[in-house]
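These are my notes from a session with one model. I looked up a helix, some single residues, the chain contact, the voids and the backbone oddities, in that order.

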Amino acid sequence: MPADWSGAVAIVGAYESPRRRAPGVHPFAIQAECAKGALEDAGLGMQDVDGLATAASFPAEGAREMAVAEIAEYLGIHPRWADGTDIGGAAPVSHAGHAVAAIAAGLAEVVLVTYAACGYSWPHGAPDYLTYAHGPGQWELPYGPSTVATYALAARRHMHDYGTTAEDLAAIAVQCRANASANPHARYTAPVTVDDVLDSPLIADPLHRLDCCVVTDSGGAFVLTSARHAREMGTRPVYVLGFGEALGQVSMSQMWPFTATAAAASGARAYQTAGMRPDEIDCAQLYDSFTITVLLALEDLGFCAKGEGGKFASAGELAPGGRLPINTDGGGLSSNHPGRRGALAVVEAVRQLRGTSPGVRLDSPRTALVHGMGGSLSTSATLILGV
Amino acid sequence: MPGTLARAPGLPPLTDDFSQPYWDAARQGTLLIQRCRTCRRYQFYPRAHCAHCFADDPEWTPASGRGRIHTWTVIRRTPNAEFAADCPYVLAIIELDEGPRMTARIVGESDGIACDRRVRAVFARAGETAVLPDFCLDRG
C-alpha cells in the first residue's frame, strides 16, 4: 500500500553542469548556473521558486552553517521554505524527500534543490575529516583516518566475511567507465579493464585509485512541484513514488555491523512508501564514491542477498542488459563527483526516465531508484522515481 | 612514559574535563574504557552517559588491552597534510575482549596482519605531549 503522498509530487526540471574543471570559479557561481539550468528545463523562472534546499558546508562548497540562506541570498530569492539538511553526499537525495513532504503539506509549491562544489580546484585547502579532534573525534582523528580509508575498512571486512574479491569491486568501476564512454561530459571516457583497476596504485588497501570516484568542479540542480501543477506544465513529470532516509554512524568505531549500512533502513522505507519491491526497479543510480559503496548498496537495498554483491557485479548484472543497470552516465566513478554526488544521481535518474541521458540510454525504463550515501558510510537516503 | 614508539604530532586529541582521565591513563600505559553502573555493559568511545541504557555517569575501568582486529587498511596516500609524512600506516578497528570497538593504528611488525588476528595495546607518543593507545600483533 503506497503512502498517501506517493506520486503527489514530481520532478519537472533537472540540470547537470557540463563543467569538470573550473579553476578560479567560486562554487556559488556554479550553484547559480545549475539553478538557472534546472528552472529553464522546467519552463519556470526564479520568481516561481518558493522553496530552496542545498548543502554547501564542505570547504570546496564555499559556505558554512548558513549555506541555504547564503545561496538564497546569492540567487536573489526569499523562499518561504528551506532545507539545509547536511548529511554528506546523501544530502541532495534527502532534500528531495523533504521537499515532497513540504509540497504535499502545502508549505511550498516549487522547490529548487541545488548543489555545486569545486572539489578539484578549490584553492583554500580541504582536509576530508568529518569531525573535529575534540568530543568523539578525539578518539578517532588523532589516528589519521581519511575518507577512502574508512571505506577501505568496510571493504576489507566484507572480503573477510563473504569472500568478496578485488576483482568483484573492480567490475563496478569497469561498468561505470563503460557507461561514461558514451557521455561527452564525463571526466574519463577511455574504457578500463579489471586488470587496469587492480594495476592502479593502492590508496588504502584494498581500494585502488580506480576504485575511487573522480574529483571535479561541477554541480547539479532539480525542481519539484505538485503533480497537479506538473501536469499543467509542458514538461514530462517524473513522479516521486517513494522515499526513505536513515542515519548510521560517523565514527568508524561505531559502525555495527561493519558489512551493512543505513541503506537497509532507508531502502526499506522507500519501497514501503512506494508500495514496490526491488524487482520492480528498472534501473538505479547508486552512490559510487567508491566501488565498495555500490556493492554494499546492492545488498542493503535488496537487489541481491547480503554477501552476494560481488558476484552480482562480476556476473555483469549492472550492465545495461543486466538485472539492474546502474550509473548510466558513468556515475561518480567516471563522470562527475564534485563532492555530493546525490544531486547528480537524481538528475541522471530523471534524464534516464525521460530518455535524455547523456550516457547509456536504456529501453524505456519506467522506474528508477536513486541512492545517496554520505560521510563514511554514515548516512543514507533513497528515492524511488517513476513515469 | 611507557613504550618507545613515537610519531609526528598529527592532530593531537583536544581533551576536556571529562576525557582527561583517559588521556592521563594512556600516559601511564593504561587503556581505560567505560562500564555502565546500571546495565553493567562496556562502551567505547567514552561518553557522559551509557549509550546502551542512557543511564548517567558510567565508570572508567581499565581494559585488558587485548582484542582482535575487526578490520584494517594501509593508508598509502592521504589528502590530510597532518598525516602525510606517516604514510604508509595501518589504520584498524579493534574489537576489545570486553566487547566495544575502537579505532587505532597497528604499529610494529605487520606481517601476517588479518581480520580477527589477536592484538595487544601499546602506547605511542604523538608529538611532544599526546600518548595514544595503539595495538601490535600479539605473537605471544
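**Helix α3 of chain A**

I began with the length of helix α3 in chain A, residues 91-104. With 14 residues at 1.5 Å a residue, the span should be 20 Å, and the end C-alpha atoms are indeed 20 Å apart, so the two agree. This is a predicted model, and I read the values below as such.

Next I asked how many of the residues of α3(A) are buried. The count is 11 of the 14, so the helix is largely enclosed by the rest of the structure. I noted the buried set as Ala91(A), Pro92(A), Val93(A), Ser94(A), His95(A), Ala96(A), Gly97(A), Ala99(A), Val100(A), Ala102(A) and Ile103(A). Just past the helix, Gly106(A) has a positive phi of about 80°.

I took His95(A) from this helix for a separate look. Its relative accessibility is 1%, so it counts as buried. Beyond four places in sequence, His95(A) is in contact with Ala53(A), Thr54(A), Ala55(A), Asp83(A), Gly84(A), Thr85(A) and Val113(A).

**Gly342(A)**

Gly342(A) belongs to helix α12 of chain A, residues 342-354. With a relative accessible area of 0%, Gly342(A) is buried. Apart from residues up to four places away in sequence, I find it touching Gly89(A), Pro92(A), Val93(A) and Tyr287(A). Two of these contacts, Pro92(A) and Val93(A), I had already listed among the buried residues of α3(A). I also checked Asp288(A), which is 54 residues from Gly342(A) in sequence, with 9.6 Å between the C-alpha atoms.

**Ala204(A)**

Ala204(A) sits in strand β5 of chain A, residues 202-204. Its relative accessibility is 0%, so I entered Ala204(A) as buried. Which residues does Ala204(A) contact, leaving aside neighbours within four places in sequence? In chain A they are Val148(A), Ala149(A) and Ala152(A), and in chain B they are Thr73(B), Val74(B) and Ile75(B). The C-alpha atom of Thr150(A), 54 residues away along the chain, is 8.8 Å from that of Ala204(A).

**Contact between the chains**

I then turned to the contact as a whole. Chain B gives 45 residues to it and chain A gives 32 residues. The buried area is about 3400 Å², with 58% from carbon and sulfur atoms. On the chain B side, Tyr45(B), Arg101(B) and Thr103(B) lose the most area to chain A, together 18% of what that side buries.

**Pocket and cavities**

The second largest pocket comes to about 240 Å³. It is lined by 13 residues, and those closest to its centre are Gln254(A), Trp256(A), Phe44(B), His52(B) and Pro100(B). By class I have five nonpolar, five polar and three charged residues in this lining.

A search of the whole structure gave me three cavities of 30 Å³ or more. The largest cavity has a volume of about 160 Å³. Of its 15 lining residues, Leu130(A), Glu140(A), Leu141(A), Pro145(A) and Val250(A) lie nearest the centre. The lining of the largest cavity divides into six nonpolar, seven polar and two charged residues.

The second largest cavity is about 40 Å³. I list its lining as Ala173(A), Arg177(A), Val192(A), Leu210(A), Leu333(A) and Ser334(A). Helices α5 (166-180) and α11 (331-335) of chain A each give two or more residues to that lining. Its classes are four nonpolar, one polar and one charged.

**Backbone oddities**

Most residues other than glycine have a negative phi, and most peptide bonds are trans. I noted the exceptions below with that in mind.

Asp205(A) and Pro206(A) are joined by a cis peptide bond, omega about 5°. Pro206(A) is in the loop between β5 and β6 (207-208) of chain A. The bond from Trp256(A) to Pro257(A) is cis as well, with omega near 0°. Pro257(A) lies in the loop between β8 (238-247) and α8 (263-274) of chain A.

In chain B, Arg40(B) has a positive phi near 65°. Arg40(B) is in the loop between β2 (32-35) and β3 (42-43), and at 38% relative accessibility it counts as partly exposed. Phe54(B) also has a positive phi, about 65°. Its loop runs between β3 and β4 (59-62) of chain B. With a relative accessible area of 62%, Phe54(B) is exposed.

Technical notes:
Residues are numbered from 1 along each chain as its sequence is written. Chains are lettered from A and ligands numbered from 1 in the order in which they are written. This is a predicted model: local features need pLDDT of at least 70, side-chain atom pairs count only at pLDDT 80 or more; totals for chains, interfaces and linings use all residues. Side-chain values use heavy atoms; hydrogens and water are left out. On a 1 Å grid over the protein atoms alone, a cavity is a set of points where a 1.4 Å probe fits but cannot get out, and a pocket is an open set with protein on both sides within 12 Å along at least five of seven lines; lining residues have an atom within 4 Å of a point. Grid points are joined across faces, edges and corners, and a volume is the space filled by probe spheres set on the points. Ala, Val, Leu, Ile, Met, Phe, Trp, Tyr, Cys and Pro count as nonpolar, Asp, Glu, Lys and Arg as charged, and the others, Gly among them, as polar. Helices (H or I, at least four residues) and strands (E, at least two) are DSSP runs, numbered from the N terminus. The expected span of a helix is 1.5 Å times one less than its number of residues. Buried means under 20% relative accessible area, exposed over 50%, partly exposed in between (1.4 Å probe, protein chains only). Contact means heavy atoms within 4.5 Å. Buried area is the accessible area (1.4 Å probe) that two parts lose on being put together, summed over both.
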